[in-house]
Amino acid sequence: MTKKKGIVTLDGAVKTDEGLSYKGVILEPVVEKCEGCERSVSFEDTQYCPTYAQPARKWATGVCNFATHVRAEVDKTGKVKVNPLKASKRAARGR
């Protein structure tokens, strides 16, 4: 993987039966959830992720932490978790 002016290329990669072989690592094609990610690279009309070899496994537990097209949701309800023990102590002191 070389980077030329913000563009990542897979120079020296070879297509095999298992997937795309690049520097001894077999890269699997990206999954549907990876569409729109800036990290994916096209090689012979197939998209691959040079950052993680098995993109399906990154999405198995939730959102891929390498995904550039997905942002984490922030809870904006304004509710703050209060420790009940500390709350009772504050109430006893009159705060």
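Glutamate 38 is exposed, with a relative accessible area of 69%; here exposed means over 50%, buried under 20%, and partly exposed in between, using a 1.4 Å probe and protein chains only. This residue lies in the loop between β5 (25-27) and β6 (41-43). Although 29 residues separate glutamate 38 from alanine 67 in sequence, their C-alpha atoms are 7.9 Å apart.

A word on the ground rules: this is a predicted model, where local features need pLDDT of at least 70 and side-chain atom pairs count only at pLDDT 80 or more, while totals for chains, interfaces and linings use all residues. Residues are numbered from 1 along each chain as its sequence is written, and side-chain values use heavy atoms, leaving out hydrogens and water.

**Overall layout**

The protein chain holds 2 helices and 7 strands, and along the sequence they follow the pattern β-β-β-β-β-β-β-α-α. Helices (H or I, at least four residues) and strands (E, at least two) are DSSP runs, numbered from the N terminus. Of the 95 residues, 20% count as buried. Among contacts (heavy atoms within 4.5 Å), consider those in the protein chain with a separation of 6 or more: residues 24 or more positions apart account for 39% of them.

**The cores**

Which residues make up the largest nonpolar core? There are 8 of them: Leu10, Ala13, Leu20, Tyr22, Leu27, Val41, Phe43 and Tyr48. A nonpolar core is a set of buried Ala, Val, Leu, Ile, Met, Phe, Trp, Tyr and Cys residues joined through side-chain atoms within 4.5 Å. The elements giving two or more residues to this core are β4 (20-22) and β6. A second, separate core has 6 residues, including Val30, Cys49, Cys64 and Ala67.

Back in the largest core, leucine 20 touches Leu10, Ala13, Val14, Lys15, Val25, Ile26, Leu27, Phe43 and Tyr48, with residues up to four places away in sequence not counted. Alanine 13 sits in the loop between β2 (7-9) and β3 (14-15) and counts as buried at 13% relative accessibility. Beyond its neighbours within four places in sequence, alanine 13 is in contact with Leu20, Ser21, Tyr22 and Phe43. The C-alpha atoms of alanine 13 and phenylalanine 43 are separated by 8.7 Å, with their positions 30 residues apart along the chain.

**Cysteines**

How many disulfides does the model contain? The count is 0, taking a disulfide as a pair of cysteine sulfur atoms within 2.5 Å. For cysteine 49, the nearest cysteine sulfur belongs to cysteine 37; for cysteine 64, the closest is in cysteine 34, too far for a bond. The distances are set out here.

| Cysteine | Nearest cysteine sulfur | Distance |
|---|---|---|
| Cysteine 49 | Cysteine 37 | 6.2 Å |
| Cysteine 64 | Cysteine 34 | 6.1 Å |

Cysteine 49 is buried at 10% relative accessibility, and cysteine 64 is buried with a relative accessible area of 11%.

**Glutamine 47**

Glutamine 47 is found in strand β7 and is partly exposed, with a relative accessible area of 33%. Its side chain meets that of serine 40 in a polar contact of 3.3 Å. Such a contact is a pair of N or O atoms within 3.5 Å; within protein, one must be able to donate a hydrogen and the other to accept it, and residues adjacent in sequence count only if both atoms are side-chain atoms. Setting aside neighbours within four places in sequence, glutamine 47 is in contact with Pro29, Val30, Ser40, Val41 and Ser42. The C-alpha atoms of glutamine 47 and proline 29 are separated by 5.7 Å, and the two residues are 18 residues apart along the chain.

**Rings and helices**

The model has 1 aromatic pair. In this pair, tyrosine 52 and phenylalanine 66 are tilted, at 6.5 Å centre to centre and 35° between the planes. Rings of Phe, Tyr and Trp (its six-membered ring) pair if their centres lie within 6.5 Å, with planes under 30 degrees apart counted as stacked, over 60 as edge-to-face and the rest as tilted. The pair links distant parts of the chain, 14 residues apart: tyrosine 52 is in the loop between β7 (46-48) and α1 (55-60), and phenylalanine 66 is in the loop between α1 and α2 (84-93). Tyrosine 52 is partly exposed at 29% relative accessible area, as is phenylalanine 66 at 25%.

At the C-terminal side, α2 is hardly covered, with 0 buried residues among its 10. Asparagine 83 caps the N-terminal end of α2, placing a side-chain oxygen 3.1 Å from the backbone nitrogen of leucine 85. Glycine 94, whose phi is positive, near 90°, follows α2.
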